[in-house]
Amino acid sequence: MSIDAVPARSVDYNRVFAQAIDRLHEEGRYRVFIDILRNKGQFPNARCFAGHNGPKPITVWCSNDYLAMGQHPAVIAAMEEALHDVGAGSGGTRNIGGNTHYHIDLETELADLHDKEAALLFTSGYVSNEATLSTIARILPGCIIFSDELNHASMIAGIRHSGCEKRVFRHNDLAHLEHLLAAEDPSVPKLIAFESVYSMDGDVAPIHAICDLADKYNALTYLDEVHAVGMYGARGGGISERDDAASRLTIVEGTLGKAFGVMGGYIAADRTVIDVIRSYAPGFIFTTSLSPVLVAGALASVRHLKGSTAEREGQQAAAATLKTLFADAGLPVMDTTTHIVPLMVGDPVKAKRISDILLREYGVYVQPINYPTVPRGTERLRFTPGPAHDTAMMQELTAALVEIWGRLELRKAA
């Protein structure tokens with residue numbers, strides 16, 4: 001190219017970025033983060049700062065702190081004690097200064113919870129999924145991962161980053177999964193990745209049946225229990241504990257940020273598998289470890305829920321009551337067997353409109369769930385009633401939704 005040639009036109013970066021945001025607005029799926037503070041010891045009561053002259057009292061209906069353990073006195077006391085004992089941060093990665101005794105104790109408790117030899121902590125459930133799946137598939141030469149089509153984005157990211165081949169099977173479709181397994185070379189390493197409770201539809205995987213296929217085709221299994229740990233099983237070990245299937249699974253993954261009420265993710269497996277992930281996963285090796293304050297809180301929560309069923313029983317009762325109230329009122333509640341209570345809307349703009357009215361006029365906070373979290377045309381409101389949501393709150397919520405459904409002329413259940 002001659003030095004006298006006209007230079008290429010410069011890229012208007014701001015225009016490209018602005019157009020990307022405009023597309024989200026046009027599709028009705030631009031995400032708005034609600035500015036709130038929870039009231040300690042009074043959950044689900046909170047304060048909302050969005051669009052108000054001062055905080056407005058609200059009731060939270062969409063928290064993943066399913067059992068309100070983030071408000072539990074034992075959890076708060078443990079965190080306060082750790083803060084005054086060792087300070088705020090961990091001081092480094094697990095390899096360099098950040099391997100505290102709190103971390104060791106929590107990993108021991110989590111391994112015991114899932115009846116495994118060992119466990120490994122990560123900074124979040126997203127990281128534990130991405131790091132573990134991407135690492136284990138790289139370690140196994142020629143590995144093929146068989147993934148449920150509704151698996152979480154973090155699992156999809158881990159599979160993609162592994163660089164291995166993948167086969168996506170229709171959701172909970174055992175015949176399709178077996179068809180895919182049978183089509184592969186028996187000598188090729190295989191891993192089946194799936195969830196126990198699917199958080200948007202509220203349905204449950206047939207764990208034993210999937211393990212039967214894994215045994216038949218010599219495949220490893222990876223179960224994401226993030227929406228089930230703390231919630232199901234005699235000690236909160238999840239659906240795999242409830243169904244007496246934990247011993248059949250190669251790796252169980254969970255979170256500390258939902259039913260346990262704090263923050264972090266983890267995997268539990270045999271010692272060799274844990275050692276491989278600990279030694280090879282960049283998402284574990286090259287990041288500062290969780291603050292011991294957070295780990296202390298999670299440890300107190302796990303220990304409490306191993307011995308207490310009151311929170312789980314209260315939560316299940318609340319979910320059952322809300323489903324009944326919605327159904328009796330003719331609202332389009334999705335049929336689920338779990339603690340998730342989704343209300344189908346089917347349109348992103350309408351879902352956001354309902355959410356806005358609830359917050360502004362009724363002091364009810366529930367976040368609309370739009371694409372890509374759920375497929376287009378299945379947009380919904382996702383309610384997560386907990387043991388602290390009483391019947392009066394649920395009746396008031398139902399009445400508000402009936403009024404809004406009528407105001408917006410939305411379709412009711414058939």
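## A tour from strand E4 outward

Select Ala 119 and Ala 268: Ala 268, in E10, is the bridge partner of Ala 119. The model is predicted, and every stop below refers to that model.

**Strands E4 and E10.** Extend the selection to strand E4 (residues 118-122) and strand E10 (residues 265-269), which run antiparallel and are joined by 5 bridges. Strands of a sheet pair through backbone hydrogen bonds, either parallel or antiparallel. Now show the side chains of E4. Ala 118, Leu 120 and Phe 122 point one way, Ala 119 and Leu 121 point the other way, and all are buried. The strand is mostly covered, with 5 of its 5 residues buried.

**Leu 110 and the core around it.** Select Leu 110 next. Which residues does Leu 110 touch, not counting those up to four places away in sequence? They are Ala 119, Leu 121, Leu 256, Tyr 266, Ala 268 and Val 302. The largest nonpolar core has 53 residues, and those touching the most other members are Leu 106, Leu 110, Ile 192, Phe 194 and Leu 256. Add helix H11 (residues 292-307), which gives the most to this core, with 6 residues. Another core, of 34 residues, lies apart from it; among its members are Cys 48, Leu 359, Val 364 and Leu 397.

**Leu 358.** Move to helix H13 (residues 348-362), where Leu 358 lies. Its relative accessibility is 0%, so Leu 358 counts as buried. Leaving aside neighbours within four places in sequence, select the residues in contact with Leu 358: Gly 363, Val 364, Val 366, Leu 381, Ala 400, Leu 401 and Ile 404. A C-alpha to C-alpha distance from Leu 358 to Leu 397 gives 8.8 Å, for a pair 39 residues apart in sequence.

**The open sheet.** Select E1, E2, E3 and E12. These 4 strands form an open sheet in the order E1-E2-E3-E12, with mixed pairing. Strand E1 (36-38) and strand E12 (364-365) stand at the edges; each has a single partner strand, so one side of each is left without a neighbour in the sheet. Zoom in on E1 and strand E2 (residues 45-48), which pair in the antiparallel sense over 3 bridges. There, Arg 38 stands opposite Ala 46 in E2.

**Helix H7.** Select helix H7 (residues 207-216) and look along its axis. Its buried residues are Ile 207, Ile 210, Cys 211, Leu 213 and Ala 214. They cover an arc of only 155° around the axis, so they lie on the same side of H7. An α-helix has 3.6 residues a turn, so residues three or four places apart point the same way. On the other side of H7, Asp 215 and Lys 216 are exposed. To see what covers the buried residues, add helix H6 (174-182), strand E7 (190-195), strand E8 (220-224) and helix H8 (239-242), which are included in the cover. After H7 comes Asn 218, with a positive phi near 55°.

**The whole chain.** Zoom out. The protein chain has 14 helices and 14 strands. Its radius of gyration is 23 Å, close to the 22 Å that the globule rule gives for 414 residues, so the chain is as compact as a globular protein of that length. The C-alpha trace spans about 75 × 60 × 50 Å along its principal axes. Of the 414 residues, 51% are buried. Among contacts with a separation of 6 or more, 70% join residues 24 or more positions apart. Finally, turn on the surface: the chain exposes about 18900 Å², of which carbon and sulfur atoms supply 54%.

Methods. Residues are numbered from 1 along each chain as its sequence is written. This is a predicted model: local features need pLDDT of at least 70, side-chain atom pairs count only at pLDDT 80 or more; totals for chains, interfaces and linings use all residues. Side-chain values use heavy atoms; hydrogens and water are left out. A nonpolar core is a set of buried Ala, Val, Leu, Ile, Met, Phe, Trp, Tyr and Cys residues joined through side-chain atoms within 4.5 Å. Buried means under 20% relative accessible area, exposed over 50%, partly exposed in between (1.4 Å probe, protein chains only). Helices (H or I, at least four residues) and strands (E, at least two) are DSSP runs, numbered from the N terminus. Contact means heavy atoms within 4.5 Å. Two strands pair if DSSP finds at least two bridges between them. The arc is that of the directions from the helix axis to the C-beta atoms. The radius of gyration is taken over C-alpha atoms; the globule rule is 2.2 Å times the number of residues to the power 0.38. Accessible areas come from the Shrake-Rupley method with a 1.4 Å probe; for residues, only the protein chains shown count as cover.
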